[in-house]
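These are my notes on one structure, made while going through its sheets and its ligand site. The entries follow the order in which I looked things up.

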Amino acid sequence: MTYAPADAAFAARLEGKISPKAFKEPEPRYFEEPRGRWTSPVGLVLAPENVEEVRQILMAANEARVRVVPYGGGTGLVGAQIPGPGPAPLILSMERMNRVRAVYPEENVMIVEAGVIMQDVHEEARKHDRMYPLSLAAKGSARIGGNLGTNAGGVNVVRYGNARDLCLGIEAVLPDGRVINGLSRLRKDNTGYDLRNLLIGSEGTLAVITAATLKLVPIPPEEGTAYMVVESPDAAVKLLSMAKSQLGEGVSAFELIKGMSFDFMRASFPEMQLPFYPAPPWMVLIDVGLARGNDPQEALENLFAEAAEAGLVSDGVIAQSEAQRQAFWDIREYMPLASRAVGGICSHDVSLPLSEIPEFLRRADQLVSGLGPFRINCFGHMGDGNLHYNLFPPEGETRDAYMPRSKEIYAVVHELVVKMGGSFSAEHGVGRLKTDEMKKFADPTRLDLMRGIKALFDPNGIMNPGAVLPEA
Ligand SMILES: Cc1cc2nc3c(=O)[nH]c(=O)nc-3n(C[C@H](O)[C@H](O)[C@H](O)COP(=O)(O)OP(=O)(O)OC[C@H]3O[C@@H](n4cnc5c(N)ncnc54)[C@H](O)[C@@H]3O)c2cc1C
């Protein structure tokens, strides 16, 4: 495809059609991949205030063949929100479409615009004694449109599902200006093909999501959190199964953490209180949410006792207050930042059938160790079979000398993941960083159909070109 630049002449087409307030400063954050992997050509940044402005912008871009990149909070980890090389792009920032349109507490439903920040959704839900259970460390910046665009996961998927599971309906604008009015509040609606689920996870390549109907849940009346030291990832898998048998749906989060994560935390955030230091080789962070009248501390103590008897755990700390619970979660949520401070060479966001995780870790460690003197760290949402398997330079060195090898390492790890029945993108998406993997591993029929869908929604290919689909 050949594209035109989003330059002054293009901007002039929009005069009188959208408010001057929609024109934003082209700040570097819109054009720089957050981990410094590349910088895009600077272009136009537009922040529409309503659906009509989104329509006007998209129709103008479609007519002029300007590439459009929808932008939420910019926290995506696969570079989908930062354009690649080419003529000046149009960044469509959703930051001014940030209204809560309606809340229906008795239905456990909230309708929000795409630019609402995830944390603001959490706070709004709390005002109604409800919870929006999608949660991740970037919740203070990530916006609902980006969460849906990437089908985000996070820490509570084990109980409540991912962004797709928590969305009942979507309103979106197609590149030609047509609007999909799909803000349904229905939990049952079998009326043909499901466009909502097609748009969720499409990473801005099909349409711009302008609003969504989100599912809320009641806040569990009794909550508890514990760190437990596990003997190995095998023990963690067994502990998860034991926890589910004892507590059923009460297991709200189950995170596996390698001890090196605590070393990185100590280096980057020395003020943070760690429950164990020196760090044990492996730990899990467990969150439970129980019905009224159940004591979460007792539940976690019982779990620990049975697990200790089975030889699965050797130490544990249960949060004694809400403040301590939060402090336990802060440690987990700062881990990606601590990794970033150390400077990762490769961050893998993979998922595997749960019982394959220990074997994957053994085989991956062996393969990667054969490639160089890397430090291997790992943490992740084990309850969902999702690991962040990350490589760092040896102590005292920076990543620069190793970055040229990252493609080779990704290839080795992803090859293993796929061979073991897993996915090379569990929750972050494909973006621009994993299109090679799409080409290599995606089923050709599926890729063909995806290209057909793309052509139907976006015949001129203006929506986030270069993301998700590899070049044919
Ligand atoms: C510290 C940290 C921790 C994280 N932890 C997790 C985690 O646990 N789980 C997880 O899943 N992710 C995690 N992420 C990744 C990231 O936060 C998520 O992918 C998040 O959903 C992105 O939201 P965003 O608003 O920042 O989207 P952006 O980065 O702005 O955009 C992401 C994608 O969505 C598209 N998009 C944005 N808005 C729209 C729209 N309105 N319509 C259509 N497409 C749109 C963009 O074009 C792009 O393709 C983490 C990131 C960080 C920095």
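Which residue of strand 10 is the bridge partner of Val109? I looked it up, and the partner is Lys215. The model is predicted, so I noted the limits: local features need pLDDT of at least 70, side-chain atom pairs count only at pLDDT 80 or more, and totals for chains, interfaces and linings use all residues. Residues are numbered from 1 along each chain as its sequence is written, and side-chain values use heavy atoms, with hydrogens and water left out.

Entry: first sheet. I took strands (E, at least two residues) and helices (H or I, at least four) as DSSP runs numbered from the N terminus, and I call two strands paired if DSSP finds at least two bridges between them. Strand 6 (residues 109-113) pairs with strand 10 in the antiparallel sense, over five bridges. Both belong to an open sheet of five strands with antiparallel pairing, in the order 5-6-10-8-9. At its edges I found strand 5 (100-104) and strand 9 (179-182), each pairing on one side only.

Entry: second sheet. I read an open sheet of four strands with mixed pairing, in the order 1-2-4-3. Its edge strands are strand 1 (23-24) and strand 3, and each pairs on one side only. Strand 3 and strand 4 (residues 90-93) run in the parallel sense over four bridges. Pro70 has Leu92 of strand 4 as its bridge partner.

Entry: ligand shell. I counted a residue as near if one of its heavy atoms lies within 4 Å of the ligand. That shell holds 36 residues, the closest being Pro70, Gly72, Gly73, Thr75 and Gly76. By class I get 15 nonpolar, 17 polar and four charged residues; Ala, Val, Leu, Ile, Met, Phe, Trp, Tyr, Cys and Pro count as nonpolar, Asp, Glu, Lys and Arg as charged, and the others, Gly among them, as polar. Helix 4 gives the most to the shell, with five residues.

Entry: polar contacts (pairs of N or O atoms within 3.5 Å). A polar backbone atom of Gly73 is 2.7 Å from a ligand oxygen. For Gly76, a backbone N or O atom also lies 2.7 Å from an oxygen atom of the ligand. At Ile209, a polar backbone atom is 2.9 Å from a ligand nitrogen.

Entry: position. Why does the ligand lie between domain 1 (8-96) and domain 2 (100-218)? I put it there because both domains give residues to its shell. The domain bounds come from an automatic or database domain assignment.

How values were computed
Polar contact = N/O pair within 3.5 Å; in protein donor to acceptor, adjacent residues only side chain to side chain.
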